[in-house]
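Work through the exercises below with the sequence and the model open. Each task is followed by a solution in steps.

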Amino acid sequence: MMNLERIKASVGRKLHRQMGLVAFLLLAALGLGSQAPAPTKVRLALQWNHQSQFAGYYVALDKGYYSARGLDVTILEGGPDKDPMEELRSGAADVATQFLTGALTARDGGTPLVSLAQVVNRSNLAIVAWKDRRIRRVEDLQGRPMSLWAEQFSAPYLALFKARGIQPAIIPQYYSVELFLRRGVEACSAMQYNEVHRIFQAGVDADEVTVFSMHDLGFGFPEDGLYCLQSFVARSPEASRAFAEASMEGWKTAQKSPEEALAIVMKRARAVHLPANEAHMRWMLTSILKSIFPESAEAWKPGELSREDYGRTVSLLLERGLIKAAPSYEAFTGKELARVP
Amino acid sequence: MFRRHGIAGRMTLFVLAGAGAVLALVVWASGRHSKKLLEQELEGKARALAAATALRIEAVEKSVTGTADELAALLEKVPIDRESVYVLLKESVRRNPQVFGSAVAFPPGLSGPEDTGAAPYAWRTGGSVSVKDLAEGGYHYEISDWYALPKVLKRPVWSEPYFDEGGGGILMATYSVPLLAGENGDRFLGVATCDVSLAWLSGMLSSLPLEHKGYAFLISPNGTLIAHPTRQFIMNESIFSLAEERSDEALRVLGRKMVKGESGFVPFVTLTTRTPSWLAFAPVSATGWSVGLVFPKDTVTGKVRALLLTQILLGLVGFVLLFFIVRFIARSITRPILQLDSATRVLAGGNLDAPLPTIPGEDEVAHLSSSFAAMQKDLKAYVEELKDTTAKKERVERELEIAHSIQMSLVPRTFPPFMGRKDLEIYATLDPARQIGGDLYDFRLLDDDHLLITIGDVSGKGIPAALFMAVTRTFLRGFFSEQLETERVFSRLNDELLQQGDTSMFVTLFCIVVHLPTGLCRYTNGGHCPPYVLRASGAIEAVPNVGGLIVGILPEAKYKSASFQLGPGDKLFFYTDGVTEATNKANEFFGDEGLVGALEELRAAPCQDLVTGVRARVGRFAEGAEQSDDITVMAFTYWGPDRQPGA
């Protein structure tokens, strides 16, 4: 924030110095009768409440990365009662964040989605289990009561259980881990960047639970991506490309200055009176950044959906019967698929 | 080192130092003790208050749980159509002021595949109670904790507190009871709930009688802060998130104890100001919450400090009082001493009449004062006496001086005595001692041919002795003018002196009459030491003793005379016992040996040199010792008639 102010001030001083030149240019422009194009309005619908999961977009907005590309971006907060896919369909939003699995399910359901960027390439899905219930390996979940998210979220888990030949007693899991904390279930699904830490923040020590990472178990699939309708890409090819670029620039800045990004996130959360604490948001940011930017360059290209991952995800969903068909990789990513330089 | 201060100063100093040490010890000990006591007291109070607060919260929650339990029991047993449920709920909310809202949520599909579920809800708005179906408007209540938890857990559940979205951000908690039917209670019919507003909690907690800067907080079973003076914390932070933020492992351990339903009293650091404090915590069993009461340690240390400050201030006041009291006492003791001191200074200056201070009482100083008075009296008497004695002594000395001057006026002191006489030479000295005196010598020509030489020593001293000497001399001159027989003169003198009637007065006397033409000497000795004859040849001989008592003792004393011949150049040496009995510091007498030795050395010298020489040797011998007797030395040289003038 301070930096921004300083930059603004510095620019102001320069402007002041070059006032004469600017005035001249302005007059010249008017004389020529040409004007700068009006910024393209883009409304981004998030799939959940404001939190570090979306830090890159807030940073891009705050730092002016969108406006620098001629975009006038509004970020719409999500929540348990909101479906970003529905917002795209209804025209309430232009771009939405969504799990790749969710996007594919929606596309299969008839929403003409195009992927602008695959932001989170490494899975954050996990299983948390009570150690005192003697759950040390995935196989120990056999027959045990476990809460699990529904639909596309459950697909990697169910694939895992099938592969391991186990059948936990599944109970639907919604947005809280209370059932797990109150011992209503012995295990639950969790996001590395969220529920795992929420459980810790509810006073459960790390050595009291076993955390299985779906990625480590080989059942990790790409998660958050930026999606829009085909019509949007067709209408504003430059804008959709620019939006993806600016968003990834925002994420890069968040990686470089996590504390600054954290402050921006906290400001967002506080503005809408969301229960949030810095420790949790810091954990979330640190975790998600690891799943956006790989430790080794070979792992994946940040912001890009690999053909292989796309194929794996499509196979998973087809196999689970969550989709009947999937578009080609090229069709799904579109011609205007954002590439991060 | 304290000697240079007065008694009063020292006394004040020592008493104050002692009192100061005692005061410091008392302050220190009472500080420790009261801190311990206050901490114990605080612990008891804090624990009790925490438990009482927990009970107060529980009492409110119980009234809510009772309402929900009754509602559930009713719905489980009596089938009621959904419309009637609204009436029931409305009534239930109206009747129970603690209940903010109440709902019954039915599972979708309960009455058939078309059943999308329903959740009749009644809640307070302003002064009245409104109703609605929560299922309307796309609200998926079946994914809410208040619905899902009791359904799965098959027991009543208190939800984690939450901000009511519709109710203007009021903090709420919901108590949900599952409606179970069937033999084993395994048929789930829905959930009955009661909402309770937690808005009253903050007010209640902030009205707790906590010490200055103390505060209360409340955490949920997950450690989430439900109530805390820092509003920012409420629902945002849990005790565990704060522990993580502050890397405070101890806080996390404490949080775990609290959410496990333990109670305790532990050291604590406040979450915002990092103030060292005590924390008392107690569980609200019904909801699984935990009440924490924070008491900053400085409320205890502050009290102790205030107590100590009071003690120190009182002590200082006491000190000042003590200072004046001690000084007053010390001065009351030393004032008479000082008065005595200045009085004795005047006394010592010689003014014995200086008035002494009168000190009343029977104490040591009064005794000292009276002793001084007695001393003064004695001194005065002594000085008076001394004055008397001195006067007497002065009189005696005056007398002695007179006597001496008489004595000295009686002996011839002009040398040479006989102008024109070449046939004889004579010289004498008399050194009177101060105390005992009475030597006398005399020489006179009785006629042209006869020379009388007398030496003697009168007993006694002072004027009587001097007068006795004068009398003796007068008698001798008188008698020798009548006759030359020395033994007769002695007898007559003896008689005359005895007739004076004073038997204590007597005299040793030696008289010799020299017939100058021939050198024949006739002499008589009355108890005196005989003179020496120093022959021109060099022989030294004592004049032969003829016997004879001291003159003036016995009436019938007989005196004899004898004679011997002097040749030209022979000398006679006379002396009194002051010479031979002269003593040195070792109390040895000069003695006859000393005298003869001196004579042998000086025999060839003229009379004057012989006399002064002997006298000088006696003086050297006695070196510094007091002269106790008159010393008289006299020498006579007989040159004979043939000696020519100028020879």
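The model is predicted.

**Exercise 1. Strand β15 of chain B**

Task: Find how many of the nine residues of β15(B) are buried, and identify the strands that pair with β15(B).

Solution.
Step 1. Count burial along residues 450–458 of chain B, taking a residue as buried if 20 or more other C-beta atoms lie within 10 Å of its own. Eight of the nine residues of β15(B) are buried, so the strand is largely enclosed by the rest of the structure.
Step 2. Look at the pairing with β14(B), residues 439–445. Seven bridges join β14(B) to β15(B), and the two run antiparallel. L445(B) has L451(B) as its bridge partner in β15(B). The connection from β14(B) to β15(B) is a hairpin of four residues.
Step 3. Look at the pairing with β16(B), residues 507–515. Here nine bridges are found, and β15(B) and β16(B) run antiparallel. T454(B) stands opposite C511(B) of β16(B).

**Exercise 2. The sheet with β18 and β19 of chain B**

Task: Give the order of the strands in the open sheet, say which strands stand at its edges, and place the helices that pack on it.

Solution.
Step 1. Read off the order. The sheet has five strands, β13-β22-β21-β18-β19 of chain B, with antiparallel pairing.
Step 2. Find the edges. β13 (424–431) and β19 (540–542) of chain B each have a single partner strand, so one side of each is left without a neighbour in the sheet. From one strand to the next, the twist averages 15°.
Step 3. Check one pair in detail. β18(B), residues 532–534, is joined to β19(B) by three bridges. Within this pair, L534(B) stands opposite I540(B).
Step 4. Add the helices. α12(B), residues 591–602, packs on the sheet and touches β18, β19 and β21 (570–575) of chain B. The direction of α12(B) makes about 145° with that of β19(B). α13(B), residues 607–622, also packs on the sheet, touching β13 and β22 (631–638) of chain B. The direction of α13(B) makes about 155° with that of β22(B).

**Exercise 3. Helix α6 of chain B**

Task: List the buried residues of α6(B), and explain why they are on the same side of the helix.

Solution.
Step 1. List them. The buried residues are R252(B), L254(B), G255(B), M258(B) and V259(B).
Step 2. Take the directions around the axis. These residues cover an arc of only 160°, which puts them on the same side of α6(B).
Step 3. Identify the cover. The elements over the buried residues of α6(B) include β8 (215–219), α5, β10 (264–269), β11 (276–284) and β12 (289–296) of chain B.
Step 4. Look past the helix. G261(B) follows α6(B) and has a positive phi, near 90°.

**Exercise 4. The contact between the chains**

Task: State how many residues each chain gives to the contact, and describe the side of chain B that touches chain A.

Solution.
Step 1. Count both sides. Chain B gives 23 residues and chain A gives 20 residues.
Step 2. Assign the chain B side to elements. α3 (145–153), α5 (239–245) and α6 (249–259) of chain B each supply at least two residues. The largest share, five residues, comes from α3(B).
Step 3. Sort the residues of that side by character. Nine are nonpolar, eight polar and six charged.

Notes. Residues numbered from 1 in each chain as written. Chains lettered and ligands numbered in written order. Predicted model: local features only at pLDDT ≥ 70, side-chain atom pairs only at ≥ 80, totals over all residues. Contact = placed C-beta atoms within 7 Å. Nonpolar A, V, L, I, M, F, W, Y, C, P; charged D, E, K, R; others polar. Buried ≥ 20, exposed ≤ 12 C-beta atoms within 10 Å, placed from the backbone. Pairing = 2+ DSSP bridges. Arc of directions from axis to C-beta. Axes fitted to C-alpha atoms, helices over the stretch in contact; angles between N-to-C directions.
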